[in-house]
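Please open the model in your viewer and keep the sequence panel beside it. The stops below each begin with a selection and then say what is to be found there.

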Amino acid sequence: MMSAVQQRPLFQKTTMPAQEPIKRNFGHKKPSHERCDDDEAFTTKANRSGTKTAPPGAGAFQQRKCRPTSFRKFYERGDFPIALEHDTKGNKIAWKVEIEKLDYHHYLPLFFDGLCETEHPYEFFSRQGVHDMLEHGGSKILPVIPQLIIPIKNALNLRIPQVVCTTLKVLQHLVTSADMVGEALVPYYRQILPILNIFKNKNKNSGDGIDYSQQKRENVGDLIQETLEDLEKTGGEDAFINIKYMVPTYESCMLN
């Protein structure tokens, strides 16, 4: 006899809801200016003719904006014992006190901070003030070296050719201003030399013309080469290997 309770089958056939068919577009292509997205840059698809994707610029030589410097604030406030003196040879600084009696821990980092300036008279006073203090500093310069690294780094990081050339000339004067200054700068090469590595080969190609920037010492590539040689000559036995680590294309001027 059949049971009164109807038993379910073990496997019941179920119906799935109808799905839309997948549309495949084989015959139509997007216009050439729509084919390459940002995610497809530098791929084989991006190399097809008609695409307009260009590699982004790294900006290694792009000039940075100069922030307001402490030197400008102190100068406008009248805190520096300096004045502008006109001479037959040009402008120079008239110091109101003897340079040897200045507090180098206070004034020298401020004048180095002004190397970022490009406007007159801030640019002139900071540049000439640094050279005057380095010329008369003697033994007072060496203890101030750690305070000069950040202003030098900030000036070079602006990547402005005028500022870079001025800072390189100051570096050349700095390492020869007193004994042991060149060796004291060796631990700080990692802060100073990266920008020099970027601009080392940035020379003007004037062909058979005359490059007057060499006479004025405004060619960045030549100044960098001179500065690296001065750093090696005055930096002691560890100078070359540290320069070579930061500027791989530099060749020793003393070993060769």
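A charge is taken to sit over a ring if NZ of Lys or CZ of Arg is within 6 Å of the ring centre and within 35 degrees of the ring normal. Select Arg 77 and Phe 74 to see a case: the charged end of Arg 77 sits over the ring of Phe 74, 4.8 Å from its centre. Select next Arg 72 and Tyr 122, where Arg 72 lies over the face of Tyr 122 at 4.2 Å from the ring centre.

Before going further, please note that this is a predicted model, in which local features need pLDDT of at least 70 and side-chain atom pairs count only at pLDDT 80 or more, while totals for chains, interfaces and linings use all residues. Residues are numbered from 1 along each chain as its sequence is written, and side-chain values use heavy atoms, with hydrogens and water left out.

**The whole chain**

Colour the protein by secondary structure, with helices (H or I, at least four residues) and strands (E, at least two) taken as DSSP runs and numbered from the N terminus. There are eleven helices and two strands, and their order from the N terminus is α-α-β-β-α-α-α-α-α-α-α-α-α. Of the 256 residues, 37% count as buried, where buried means under 20% relative accessible area, exposed over 50%, and partly exposed in between (1.4 Å probe, protein chains only). The accessible surface, from the Shrake-Rupley method with a 1.4 Å probe, comes to about 17,300 Å², and 50% of it belongs to carbon and sulfur atoms. If contact means heavy atoms within 4.5 Å, then among contacts between residues at least 6 apart in sequence, 67% join residues at least 24 apart.

**Helix H3 and its surroundings**

Select residues 104-113, which form helix H3. Eight of the ten residues of H3 are buried, so this helix is largely enclosed by the rest of the structure. The buried ones are Tyr 104, Tyr 107, Leu 108, Pro 109, Leu 110, Phe 111, Phe 112 and Asp 113. Showing the neighbours brings up what covers them, including H2, S1, strand S2 (90-95), H4, helix H5 (145-157) and helix H6 (161-175). At the N-terminal end of H3, add Asp 103, which caps the helix with a side-chain oxygen 3.3 Å from the backbone nitrogen of His 105.

Move on to the loop between H3 and helix H4 (122-137), where Glu 117 lies. Is Glu 117 buried or exposed? Glu 117 is buried, with a relative accessible area of 4%. Leaving aside residues up to four places away in sequence, Glu 117 touches Thr 69, Arg 72, Tyr 122, Glu 123 and Val 163.

**The aromatic rings**

Show the rings of Phe, Tyr and Trp (its six-membered ring), which pair if their centres lie within 6.5 Å; planes under 30 degrees apart count as stacked, over 60 as edge-to-face and the rest as tilted. The count by this rule comes to eleven aromatic pairs. Select Phe 80 and Phe 111: their ring centres are 4.9 Å apart and their planes stand at 40°, so the pair is tilted. Phe 80 is in the loop between helix H2 (70-77) and strand S1 (82-87), and Phe 111 is in helix H3, 31 residues apart, so that the pair links distant parts of the chain. Phe 80 is buried at a relative accessible area of 6%, and Phe 111 is buried at 0%. Widen the selection to the aromatic cluster that is formed by Phe 71, Phe 74, Tyr 75, Phe 80, Trp 95, Tyr 107, Phe 111, Tyr 122, Phe 124 and Phe 125.

**Helix H11 and the segment after it**

Select residues 239-246, helix H11, whose buried residues are Ala 239, Ile 243 and Met 246. Which side do they occupy? They cover an arc of only 65° around the axis, taken from the directions from the helix axis to the C-beta atoms, which puts them on the same side of H11. Their cover includes helix H8 (189-199) and helix H10 (220-234), while on the other side of H11 Ile 241 and Tyr 245 are exposed.Finish with Gln 225, which lies in helix H10 and counts as partly exposed at 26% relative accessibility. Apart from residues up to four places away in sequence, Gln 225 touches Lys 200 and Tyr 250, and Tyr 250 is buried, with a relative accessible area of 0%. A distance drawn between the C-alpha atoms of Gln 225 and Asn 201, 24 residues apart along the chain, gives 9.2 Å.

Definitions and conventions: A polar contact is a pair of N or O atoms within 3.5 Å; within protein, one must be able to donate a hydrogen and the other to accept it, and residues adjacent in sequence count only if both atoms are side-chain atoms.
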